There are 2 protein chains.
Amino acid sequence: MVMSILLKNCRYVLTQDAKRRILKNTHIYVEEDKVAEIGKVKSADDVIDCSRFAVSPGFVNSHTHIGSTIMRGYADDLPFFEWLDRIWEREHRLTEKEIALGSQIACLEMIKSGITSFVDMYPYEDGTVRKVQESGLRAFLSWPVLDKDKTTQKGDSLKNAERFLKTWKDKERITPLVGPHAVYSCEKELLVKAKKLADKHRTLAHIHVAETRKELSDCLKKNKKRVVEYLDSIGFLEKNVLAAHCSWLTKGEIRTLAQRGVKVSACPVSNAKLGTGGVIPIPEMLEDKVLVTLGTDAATSNNSLNMFETMKFCSLLLKSQRWDAAIVKAQDVFDFATVNGARALGLNAGSIERGKLADLVLMDLEHIGMLPMNNLLSNLVYSASPAVVDTVIVGGKFVMREKEILTMDERTVK
Amino acid sequence: MVMSILLKNCRYVLTQDAKRRILKNTHIYVEEDKVAEIGKVKSADDVIDCSRFAVSPGFVNSHTHIGSTIMRGYADDLPFFEWLDRIWEREHRLTEKEIALGSQIACLEMIKSGITSFVDMYPYEDGTVRKVQESGLRAFLSWPVLDKDKTTQKGDSLKNAERFLKTWKDKERITPLVGPHAVYSCEKELLVKAKKLADKHRTLAHIHVAETRKELSDCLKKNKKRVVEYLDSIGFLEKNVLAAHCSWLTKGEIRTLAQRGVKVSACPVSNAKLGTGGVIPIPEMLEDKVLVTLGTDAATSNNSLNMFETMKFCSLLLKSQRWDAAIVKAQDVFDFATVNGARALGLNAGSIERGKLADLVLMDLEHIGMLPMNNLLSNLVYSASPAVVDTVIVGGKFVMREKEILTMDERTVK
């Protein structure tokens, strides 16, 4: 085991600190799982010449469903509810082995995209969680909680969730969360209980919110309230809530999210691909200081787990919708994908600072798509692709080095 | 020189023939510059085992400005006209050497994205054209024609264009076009003359059309006609016109494009990034049988030359705008990027058939982002990135093989 690493002569370091400083020609010294020094050359067990690299905090993918990667491309170009029916029908027939394989493919794909942490929602067999552990990624795994008639889980999903929380608590790199699925798949009582379960175990409640117009219109019919209004009326919205999608919101609902300290996971690629309309109102969220993070969503609805694409798409979709090239800039989406993601998860990462977890990605600045270098951040957000990711370090351990995955045997995954 | 190539045991061949057949486990025999046989094993000078590949027609990038790649990331996240001012100001100071280097970077990036042909618009010194020739790509180079007060070209841009047409006529892989820039940069007389010059030399007139709302509104003020109406009224619109952007159109104008046989180059990523609004009305174009092709536009406005991204973005932007996941499907955008592009250019390529030019790309199906394979076309359009491109053949010659560029020394490009 390597105990210390020196990233020597980094051409750039995107610190993502409070001042968003970009350092030039410097060194990062990693000891155990943390960044111990910046700027000093120290002797280390492992030294990497970083003169062709920009070192970036690893990306945080704040919403996905890794097991479903086994269904990538399975039901594309279909109207939303036709898609959902086909995915759910197939999902109910998935074997444990298929889910584990899908999860493994997803982990590999995420590593190659520079992702070091992700938030997931899927029913997990132990075998799947072990594959995730093996990958070396930091995983926030949400056990899905749904009404009995909406799930194929054996037994009570709330009890299953609690068992899952207990089993995987305090395990290395795994954090179990509670995943009350959505307002259309959980009755009020279940939502409240799931939230209380998350509170009791001091973890996050991870929920889909206002993804489609139908979700909004059904909620209005049933509860006489919009989705965020309804969730707030039952006391669901607090600091430990991670709300995915949040497309169909009013300004009032955005203020509520801000006041309650709810974290948002924007999934613009998935929303566009499923034709859900209602582009997530990120400019208004930023105005109200809502913490915005970025998710790829699933390979069934995206269909890639590529954070470069998600950053660029997020910015461009809003520029297109608002007729304003100056809206949601490169620095904004890079923040969503790094420092904001970490803050949402209470993770001591997302920026490169002394004492922070060493979740680091080495980006190849000599890759042809990164030339010339007029603006580092622009190139990373608008020009880069997974092809620029050379090396990925999670908690001071190499997960990928010089393009080679070290934690899993990639050739066996087919 | 290799005179014949056998692509043996291709896992899939995306023929893009009239029936859009996808062949399994077959062989492609290339002789000189053409596909000579499909399905037969023949002895060849060079044999490639293609059992892990899908063989696809090379992509046709129908609108770009390669020289400006030297300004990639130079003026991002700015309002459109502030961006344009900064780019033009910088452009006027570019040296011949910078333009040649930008062009070289662009060619390398395009090869790695599976592009085998592209349509460009930029003033070309001979050195730049030779770099393009060296790359091995098929290039359709449009000499920009602008009013005297809009250009920094020395001399008359129409005369320069004619000289360019004569110099580069009938040269290998280079086709010179005429590039009347736009209605806002060319007076009526110049537009008419440029079009006649293209007619005289039996080549294409390549023009920007209705890219921004300002272009439309200025045209309405000056000519009392919308952009396509105006161009039609001066007899500009005929079969040999390639119109880039075409965002701000009415249904009537789309019908005009269809009736005149004008070819459209859609550049959705660039339009979104510049916040031009007015998403190109592709569904209506398809209804009227307008030939739609895809362009990346420039690295100053995109900022990558990645046809996978452009295909996905094109589909997703329209799905998002129209609230319809079933609109502009994977097969549609794959057609735009291959067979339609070739047809627009009168190029005997864009599909894999006996007698067609061997412009072929070997896509790695074992790349992690392509697993599992539920739907080949979905994976290519919605999941793939340049990382899946293994080998690129243009006119029966290897341009990239097993990820190594063979036509240029990539390491010298910095």
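The following exchange examines how several structural labels are justified in this predicted model.

User: Why is strand β11(A) called largely enclosed by the rest of the structure?

Analyst: A residue counts as buried if 20 or more other C-beta atoms lie within 10 Å of its own. Five of the five residues of β11(A), residues 241-245, are buried, so the strand is described as largely enclosed.

User: How do you know that β11(A) pairs with strands β10(A) and β12(A)?

Analyst: Pairing requires at least two bridges between two strands. Five bridges join β10(A), residues 205-209, to β11(A), and three join β11(A) to β12(A), residues 263-266; therefore both pairs satisfy the criterion. Each pair runs parallel. Ala205(A) stands opposite Val241(A), while Ala243(A) has Val264(A) as its bridge partner in β12(A). From β11(A) the chain passes through helix α8(A), residues 251-260, to β12(A), in a right-handed β-α-β crossover.

User: What makes the span of helix α11(A) close to the expected one?

Analyst: Helix α11(A), residues 307-322, has 16 residues, and at 1.5 Å a residue 22 Å is expected. From its first C-alpha to its last, the helix reaches 22 Å, so the two values agree closely. In addition, 15 of its 16 residues are buried, so α11(A) is largely enclosed by the rest of the structure. Trp323(A), which follows the helix, has a positive phi near 55°.

User: Which residues have the most contacts inside the largest nonpolar core?

Analyst: Val55(A) and Val55(B) do, in a core of 282 residues. Leaving aside neighbours within four places in sequence, the contacts of Val55(B) include Leu7(B), Ile28(B), Ile352(B) and Leu362(B).

Terms used: Residues are numbered from 1 along each chain as its sequence is written. Chains are lettered from A and ligands numbered from 1 in the order in which they are written. This is a predicted model: local features need pLDDT of at least 70, side-chain atom pairs count only at pLDDT 80 or more; totals for chains, interfaces and linings use all residues. A residue is buried if 20 or more other C-beta atoms lie within 10 Å of its own, exposed if 12 or fewer, and partly exposed in between; C-beta atoms are placed from the backbone. Helices (H or I, at least four residues) and strands (E, at least two) are DSSP runs, numbered from the N terminus. A crossover is right-handed if, with the strands pointing away from the viewer, the path from the first strand over the helix to the second runs clockwise. A nonpolar core is a set of buried Ala, Val, Leu, Ile, Met, Phe, Trp, Tyr and Cys residues joined through C-beta atoms within 7 Å. Two residues are in contact if their C-beta atoms, placed from the backbone, lie within 7 Å.
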